[in-house]
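Welcome! Here is a short guided tour for anyone meeting this structure for the first time. Take a moment to look it over before reading on.

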Amino acid sequence: MESTESSYVSSPEAPRKRSPPPHKSSSVSDTAEKATYIRFLVSNSLAGAVIGKGGSTITEFQSQSGARIQLSRNHEFFPGTTDRIIMISGTIDETLKAVELILDKLLSELHNEDGDDVGQKTKVRLIVPNSSCGSIIGKGGAIIKSFIEDSQAGIKISPVDHNYYGLNDRLVTLSGSLDEQMRAIELILSKLTDDTHYAQTMNIPFSYAGVYFTGFHGIPYGHVHPSVPAAVHSGMNYGPNATGRKYQNNQEDRTNSLTIGVADEHIGLVVGRGGRNIMEISQVSGARVKVSDRGDFMSGTTDRKVTISGSQRAIRSAETMIMQKVSYASERAMD
C-alpha cells in the first residue's frame, strides 16, 4: 500500500539527459571487479521466460554475462507475494549485465502478452536486507535522492514488514524505463557492495523457508502454523472443521481441511474471471479449493466459506495466495 511506504519518488518537471559517464579510474575499476549479488522479484507466470525451454535461456544469459543466475522454485515465493526470487551473483559488471538481459527479456514478454497496453515505464522490485537499507538512504535521504536525480527513476523503499516473523528484507521498487532502472540498479548495487553488512548476507539461503505470517493489522487474515491450534486473527473466521485441529510435523502429506471466511465482496478476486484465479491457486499450491454458494455464509457473518484441503504445505500455500488477493483489495479500498 502506497501510504505505508517510505517513498522517494522522482517527479522532474522535464526529463533531463544524463551526462556521459566519466572515464573509469582504477578505483572504480577495482569496485566493478568486486564480488557481489542482487535479488529481485519475478512473477510466477513470467519465470518460465527467464528459464527457457530446458533451461536454455538462463544458461545463455549466464554465458553472456559471466554471472551466476539462480531462481527460487515454483512454490517458493517472497513473503506476502506470489512472486519468485531471482538471485544473480558475480562481479558488479557481470551482475549488471545479467540483470539487463533478464529485464529486457521480461519487458519483451510483457509486450508480447499485452501489446500496446504495456508502456515504457515498468517496475522492478529489488530485495535488500534491512541492515543495508541505511547505506542507500543516507542521512535525511540524501543518498537516495541523489540516485533519483542521477537515474531519473522512481525509487520507493518499503517499511519493515512486521507481519512476517523472521523476515529481515525490504523491497526497493524502481519505476521508469529500462535505462532509468538500470542506472538506478547500478548506483544502488555499487553502494551496497561497499556495505559490510550486505557482503555478509551473500551466502544466506533465499527461500524464506523459516518465515511465516503473523497476521495483517486491520485486514482479515487467519494463519494456521504447524502443531498450533487454529486461531482467529483480525476477524478471519475458521469453520468447525478447523477449530482446535493440530497439524503433525511428521505427517506433512496427510490430507487435512481448513475452512476460512472471505468477505462476499472480495470472493470474486479469489475465483477470478471464469474461475482463472482459483484454478491457478489450486495448480500452484497443490490444494483443492472450494467456495460456498451465494448466500451460504460462515455462521453469524456475511463471509463466504472457502474450504482448502490437501497436505499441510499445500493448505499453507493456498491460504497465503488467497489472502494476498484479499489484502490487495483491502489496501486499494483504504487508499
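One term will help from the start: a residue counts as buried when its relative accessible area is under 20%. With that in hand, we can look at a strand in this predicted model. In β10, the residues N256, L258, I260 and V262 point one way, while S257, T259, G261 and A263 point the other way, and all are buried. This fits a general pattern: in a regular strand the side chains alternate between the two faces of the sheet. Since eight of the eight residues of β10 are buried, the strand is largely enclosed by the rest of the structure.

**The whole chain**

Let us step back for a moment. The chain has 335 residues, and 48% of them count as buried. Its secondary structure comes to eleven helices and twelve strands. Among contacts with a separation of 6 or more, 68% are between residues 24 or more positions apart.

**The sheet around β10**

Which strands does β10 share a sheet with? The sheet is open and has three strands in the order β10-β12-β11, with antiparallel pairing. Its edge strands are β10 (256-263) and β11 (288-291), each pairing on one side only. From one strand to the next, the twist averages 20°.

How many bridges join β10 to β12? There are eight, and β12 covers residues 303-310. Two of the residues facing each other across these strands are worth finding on screen. I260, found in strand β10, stands opposite V306 in β12, and V262 stands opposite R304 in β12. I260 and V306 are 46 residues apart in sequence, yet their C-alpha atoms are 5.3 Å apart in space. With a relative accessible area of 1%, I260 falls under the 20% cut-off, so I260 is buried.

**Two tyrosines that meet**

The structure holds one aromatic pair. Y37 and Y198 form this pair, and it is stacked, with 4.5 Å from centre to centre and 5° between the planes. The pair links distant parts of the chain: Y37 sits in strand β2 (residues 35-43) and Y198 in helix α8 (residues 196-200), 161 residues apart. Are these two residues buried or exposed? Both Y37 and Y198 are buried.

**Helices to look for**

Helix α2 (residues 44-51) packs against helix α3 (residues 56-65) at an angle of about 60°, and their axes are 5 Å apart. Because of that angle, α2 is oblique to α3. On the α2 side the contact is made by A49, V50 and I51, and on the α3 side by S56, T57 and I58. By class, the contact of α2 with α3 has four nonpolar, two polar and no charged residues.

Another helix to visit is α5 (residues 130-137), whose buried residues are S132, C133, S135, I136 and I137. Just after α5, G138 takes a positive phi of about 80°.

**Pairs at a glance**

To finish, here are three of the pairs from this tour, each with a separation along the chain or a distance.

| Pair | Value |
|---|---|
| I260 and V306 | 46 residues apart, 5.3 Å C-alpha to C-alpha |
| Y37 and Y198 | 4.5 Å centre to centre, 5° between the planes |
| α2 and α3 | axes 5 Å apart, angle of about 60° |

Definitions and conventions. Residues are numbered from 1 along each chain as its sequence is written. This is a predicted model: local features need pLDDT of at least 70, side-chain atom pairs count only at pLDDT 80 or more; totals for chains, interfaces and linings use all residues. Side-chain values use heavy atoms; hydrogens and water are left out. Two strands pair if DSSP finds at least two bridges between them. Helices (H or I, at least four residues) and strands (E, at least two) are DSSP runs, numbered from the N terminus. Axes are lines fitted to C-alpha atoms, for helices over the stretch in contact, and angles run from 0 to 180 degrees between N-to-C directions. Rings of Phe, Tyr and Trp (its six-membered ring) pair if their centres lie within 6.5 Å; planes under 30 degrees apart count as stacked, over 60 as edge-to-face and the rest as tilted. Buried means under 20% relative accessible area, exposed over 50%, partly exposed in between (1.4 Å probe, protein chains only). Angles under 35 degrees count as roughly parallel, over 145 as roughly antiparallel, 65 to 115 as roughly perpendicular and the rest as oblique. Contact means heavy atoms within 4.5 Å. Ala, Val, Leu, Ile, Met, Phe, Trp, Tyr, Cys and Pro count as nonpolar, Asp, Glu, Lys and Arg as charged, and the others, Gly among them, as polar.
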